[in-house]
Amino acid sequence: MKIRKGRLTVLVLTLSLAACGAGRDENPVAPGSEVIIAPDEITWDIEPRGVACAFDENNYVDEYLNIAVTDKDQIPLGDVKLSLSLTLSDNTFSGSPWLRLYDDLNGNGAVDHPDELVSGEEDGVHITTTDEFNGNKTVFVRVNLSCPYRGSLTAVAGAASARTHIAVEERDDEEQQ
């Protein structure tokens with residue numbers, strides 16, 4: 001089989017360029033980088049519900065979270081890929097949207113557009129990026145306050161990660177008095 005010199009050059013150049021990008025992250029996070037979620041814990045106390053607890057989709061609060069990615073010197077890293085996921089504790093009935101993740105796409109600090117809902121029963125991970133200039137990402141977690149449960153939001157950038165713990169707890173009788 002004969003390959004012309006021009007075609008061989010194009011083939012070698014194409015393979016070389018493909019190999020340069022193979023296995024590389026588009027926006028790698030340097031070793032020693034850190035992901036920070038503020039706040040790192042969200043807890044809501046609700047009235048005791050007794051044995052039967054019914055999910056009410058209109059009983060919720062939207063929690064504003066800021067996610068930042070910094071290098072080892074605490075300098076913000078912009079345009080970094082973030083993987084965000086919400087998980088519930090094992091004993092929480094997952095057939096209802098106890099926690100929902102919203103991405104503040106228009107940057108106005110409010111959940112105000114249907115496209116901002118980025119989680120659902122079939123969704124696992126939401127991929128987004130930090131702001132190009134300040135290294136932050138704003139998201140909202142809609143926390144349903146119908147029943148007690150626990151969950152978390154996890155943010156991963158490269159090898160760095162952080163987690164915010166979320167809890168809705170019934171007050172004990174002593175706290176109510």
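Visitor: Which residue of strand 3 does Ile36 stand opposite?

Guide: Ile36 faces Ala68 in strand 3. Keep in mind that this is a predicted model. As a general idea, the strands of a sheet pair through backbone hydrogen bonds, in a parallel or an antiparallel way. Here, strand 1 and strand 3 run antiparallel and are joined by 5 bridges.

Visitor: In what order do the strands of that sheet come?

Guide: The order is 1-3-7-5, in an open sheet of 4 strands with antiparallel pairing. Strand 1 (34-38) and strand 5 (99-103) are at the edges with a single partner strand each, so one side of each has no neighbour in the sheet. On average, neighbouring strands here are turned by 25 degrees against each other, direction ignored.

Visitor: How many bridges join strand 3 to strand 7?

Guide: There are 9 bridges between strand 3 (residues 60-70) and strand 7 (residues 136-144), and the two run antiparallel. To find one spot along this pairing, look at Asn66, which stands opposite Thr138 in strand 7.

Visitor: Which residues of strand 1 lie on its covered face, and which on its uncovered one?

Guide: Val35 and Ile37 make up the covered face, while Glu34, Ile36 and Ala38 are on the uncovered one.

Visitor: What is the strand order in the open sheet of 5 strands?

Guide: That sheet reads 2-9-8-4-6, and its pairing is mixed. Strand 2 and strand 6 (126-129) are its edges; each has a single partner strand, so one side of each is left open in the sheet. The average turn between neighbouring strands in this sheet is 20 degrees, direction ignored. Within it, strand 4 and strand 8 run antiparallel, joined by 6 bridges. Leu84 has Ala155 in strand 8 as its bridge partner.

Visitor: Now the interior. Which residues touch the most other members of the largest nonpolar core?

Guide: They are Val35, Ile67, Leu84, Val141 and Val143, in a core of 29 residues. Among the elements that give two or more residues to this core are strand 1, strand 3, strand 4 (81-88) and strand 8 (149-157). Val141 makes a good viewpoint. Beyond its neighbours within four places in sequence, Val141 is in contact with residues including Val61, Leu65, Leu86, Leu101, Leu153 and Ile166.

Visitor: And the aromatic residues: how many aromatic pairs does the count come to?

Guide: The count comes to 3 aromatic pairs. In general, one describes a pair of aromatic rings by the distance of the centres and the angle of the planes. For Phe55 and Trp98, the centres are 4.9 Å apart and the planes are at 85 degrees, so this pair is edge-to-face. Phe55 is in the loop between strand 2 and strand 3, and Trp98 in the loop between strand 4 and strand 5, so the pair ties together parts 43 residues apart in sequence. Phe55, Trp98 and Tyr149 form one aromatic cluster.

Visitor: Is Trp98 buried or exposed?

Guide: Trp98 is buried, at a relative accessible area of 7%. Phe55 counts as partly exposed, at 28% relative accessibility.

Visitor: How far apart are the ring centres of Tyr64 and Phe140?

Guide: Those centres are 5.4 Å apart with the planes at 65 degrees, so the pair is edge-to-face. Tyr64 belongs to strand 3 and Phe140 to strand 7, so the pair ties together parts 76 residues apart in sequence. Tyr64 is partly exposed at 45% relative accessibility, whereas Phe140 is buried at 5%.

Visitor: Where does the charged end of Arg142 sit?

Guide: The charged end of Arg142 sits over the ring of Tyr60, 4.0 Å from the ring's centre.

Notes:
Residues numbered from 1 in each chain as written. Predicted model: local features only at pLDDT ≥ 70, side-chain atom pairs only at ≥ 80, totals over all residues. Heavy atoms only, no water. Pairing = 2+ DSSP bridges. Axes fitted to C-alpha atoms, helices over the stretch in contact; angles between N-to-C directions. Core = buried A, V, L, I, M, F, W, Y, C linked by side-chain atoms within 4.5 Å. Buried < 20%, exposed > 50% of the residue type's maximum accessible area, 1.4 Å probe, protein only. Contact = heavy atoms within 4.5 Å. Phe/Tyr/Trp six-rings, centres within 6.5 Å; stacked < 30°, edge-to-face > 60°. Lys NZ or Arg CZ within 6 Å of the ring centre and 35° of its normal.
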